[in-house]
Amino acid sequence: MTNFARLTFPERRAIGRWQGLVIALSRWLPPPHACRTLAAALCMALASCGGSNDPAAGGDTPPPVVAPGGGGSPGEVDVAPAITTQPAGTTVVEGQVAAFSVTATGTAPLSYQWQRNGSAIAGATAATYTLAAAASTDSGAIFRAVVSNAAGNATSDNATLTVTPAATPPVLSLSAQPSSQSASAGTTASFTVAGGCSARNFTVQWQRGSGGVFADIAGATATTYSMAPASSDNGAQFRAQVSCGGLSATTSAVATLSVTAAVAATLARVPVSGVRDQAIVDQPNGIVREASGSYAFVAGSTVRRLSADLSTITLVAGAVNDLATIDGVGTAARFNAPSSIAADASGNLFVTEPTARVVRRIAPDGTVTTIAGTPYAAAGRADGIGGAASFNLPIALAAGPDGDLYVADTGNYAIRRVTPAGVVTTYAGNPAAGFGYQDGPAASARFHVVYGVAVAGDNTVYVADTGNRYLRRITRVGNAAGVVQTVAGGGPSNANVTVDGPAGAGTFLNLRGMTVDGNTLYARDLDAFSGLIRAVDLTTGTVRTLAGSRGAPPTPSPTALIDGPPGTGFIGGSETGGVAAIGDGRVVFTDFNNGALRVAAADGYLTTIAHEAWFNTSHPDGNGVLAQLPPRLVNLSQIGASPDGSLVLAEQTTVRRLAADGRITPLIGLPGAVNNLDGRDNIAQVAAGGQAVTVAADGTIYFADLHDVRRLDPATRTVASLAGSKSVSGTANGAAAAARFQGVQSLAVGPGGAVFVADQFNSAIRRIDPAGNVSTFAGELGSLGAEDGPRGTARLSLPASIAFTPDGTLWVIDDAQPYATVRRVAPDGSVSTLATSGTFLNRGSTRIVIDPAGNIFLTTSEGIFGLAPDTGVLTQLIPTVQTGIVYGNDPKLVPGIRSAVATGVKQLVMINDDQLVRATLP
């Protein structure tokens, strides 16, 4: 019998609750029943008082407790704690905070007690326990929480703390400091810093300052910073902030630049580095990853190699635009439109030539040999050795781990096997029976137009049965073919669409080149007019689309070259093309119609790495990659000057940046991809970007593209339309998309950030506010004339070039008859004409440039002239000659200055004779 006097308060409260229950029962139970119930209740309560209510300690689980008004409302049952969120293990660096949390349910109030390695932590009685600074001795400690209330307790899971040591800062050293320089205006001044780090990379950020106040120079992160100084740069200070990848930073000594005035006009080349010809990839088809990690592919009449880092293309064998089937070594060999390529473990390459009906080998030394079939023999299906064997459209091939080749002999509806010695046998299919669809033993199986083949590591051969719209496989039994099985596909359909899904539900439309990577097969496929990369799980047969977009592209061309994620990125709808696995979830593939090599990431994001730019056909054997310019900048049309000293290069299909040290980097667009598409990087495209360009004081780039004025943020490389239409010209003011332009010739950023447009064929100067609203600033829309006067009555003829002086006056070159004239537009919109003297200004070739000090220069077919704004006198500063640019102190240009921009006081950069030229003017 339990001694009542020794009971704890919770135990006494429990007995009191049972007593209350019995009293309530006695009101309707007969007295004997009430007594018996009371006795039983007291016995249960007293029995429960003698043991532990903690199940972990071996005691009984306590019965529900009726609350008399403490933890719950009268008559409610207290609920024991239950852990709903367990504390999680964590890893922190030594000295960092480590925190553990737990949440629990149960009748309030809940109490908490944290334990470390099983022992209670003094004062750790909240739902969260925090260790302010973890030490190495804390690593491996185990923490848990015990949550209690009147009805019981619950213990959380263990959470382990791992403490890693803090990194030791790398040691930074400087071996060379920048030194002060003296240079003449228009020449080059350079500052250099050198050093090293015990760990991480040695990083540099150059700064420019005056009076001890310095600011970063955008893009100046090389160990040498070069610039072309103007007289205004005299006394400028330069220093370098260096660090070990952001750690152990220090600042170099300060170097001062002294600039002496140029005694006469000078011309110098603008440095351009990192440019090289882009290799031709015209009509790329099959591609394969070699044992070395590089990628071999066929392109037109050549075999080429893409380096493992996807940066360089070199010629392996063959010659451009020379279709023949001739054995030989390297460029002495000839190919006739090879369609597929395979590689073995020894470095040999193999190609099929469907037209010549042969299989050929390229040895590691470049020697090309025909190993099976006779060039241009009649179509056949004979097995045999070398020239005794015959094929009928051998479209594709793949090398197996057994060293043999497996050829998709399309016209024979069969898979042929070719040994390295040239022994040809029929591996699967029945050429005599013709096309069909039948699984079963390899010899009796039937195919219909096989366009692709791939071999897995176990010698299973996978076949693109394109005519039947199935993916099929040929199993292996010993050294022979086993049975043909259908792996995936939905069979023939007239819907001409593709569907993702499990085996039998996922459909193909036009399977082509394939490759196997582990348990995944990647294949080229079509959906109506668009190309797709499909991925098949070889265990389940599930089909999914890795990359590409279904439906028509957002441009008139069905072969649009558009990068980006699935749904945005577009692959040309070619019925040919190959694919090779990179090995990390990415694939590299050929886009035949666009003449491109492209990469699809594991998430389907498309990136073009090289393609046949239309301007580069004169360099068929050059090495190169995308985002490079040819040495002569042959497609550069317009240039703009950025506040950081870099130049903006506007070509027809790209916008790029030229840093002060000569490095070219891409902003948006793909060379040769002609579209007006908004977006980022090379997802964005440019159709006619060489019309006009200007750069605002904050670095924002504005350029004209067809009938659209576009705004480019160089920091994010994002472009969007500011005003106008991508495809329709017209004559209309209004909100951004409703406005229409007709012949944008020049752009300038005016006071307040508005963009002004020389809208030539509308005979007006238009103003675009930052929101894209368009209004007429000078002239009358569609009303050609030459009248001076206030806004509303003044008329312009054909405004061709515009620029602002610091006082807010807009200067206009107006291509009136018979010669161009110089017009002034005041801030109130009134127009006046400046009578010029000294030369006639030819229409179509005169442009105006204004430097930061307000000096006005005109570029004409006769050279560069200075313009006196008060008198209109023109002074020739640099003449032109017919024989070529003359650099130095007696400079001469050639006629045809395509574009010019002021980069400093009396400093111009222009495009002349397909060169970037810097002029320092007196």
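Here is a short walk through one sheet and one disulfide in this predicted model.

Let's start with the sheet. Strands in a sheet pair up through backbone hydrogen bonds, and they can do so in a parallel or an antiparallel way. The sheet to look for here is open, has five strands and pairs them antiparallel. Going across, you meet them in the order E26-E30-E29-E28-E27. So which strands sit at the edges? They are E26, covering 328-329, and E27, covering 340-343, and each of them pairs on one side only.

Now zoom in on one pairing inside that sheet. Strand E28 takes in residues 349-353, and strand E29 takes in residues 358-362. The two run antiparallel, with five bridges joining them. If you'd like one bridge to find for yourself, pick Phe350 and look across to E29, where Arg361 is its partner.

Next, the cysteines. How many disulfides does the structure hold? There is one, and it ties Cys197 to Cys244, with 2.1 Å from S to S. This link brings together distant parts of the chain: Cys197 belongs to strand E14 (residues 194-197), Cys244 belongs to strand E18 (residues 237-244), and they are 47 residues apart. Look along the S-S bond and you'll find an angle of -100° about it, making the link left-handed.

Finally, are the two ends of this disulfide buried or exposed? Cys244 has 0% relative accessibility, so it counts as buried. Cys197 has a relative accessible area of 22%, so it is partly exposed. The cut-off for buried is under 20%.

Conventions
Residues numbered from 1 in each chain as written. Predicted model: local features only at pLDDT ≥ 70, side-chain atom pairs only at ≥ 80, totals over all residues. Heavy atoms only, no water. Pairing = 2+ DSSP bridges. Helix = DSSP H or I, 4+ residues; strand = E, 2+ residues; numbered from the N terminus. Disulfide = S-S within 2.5 Å. Buried < 20%, exposed > 50% of the residue type's maximum accessible area, 1.4 Å probe, protein only.
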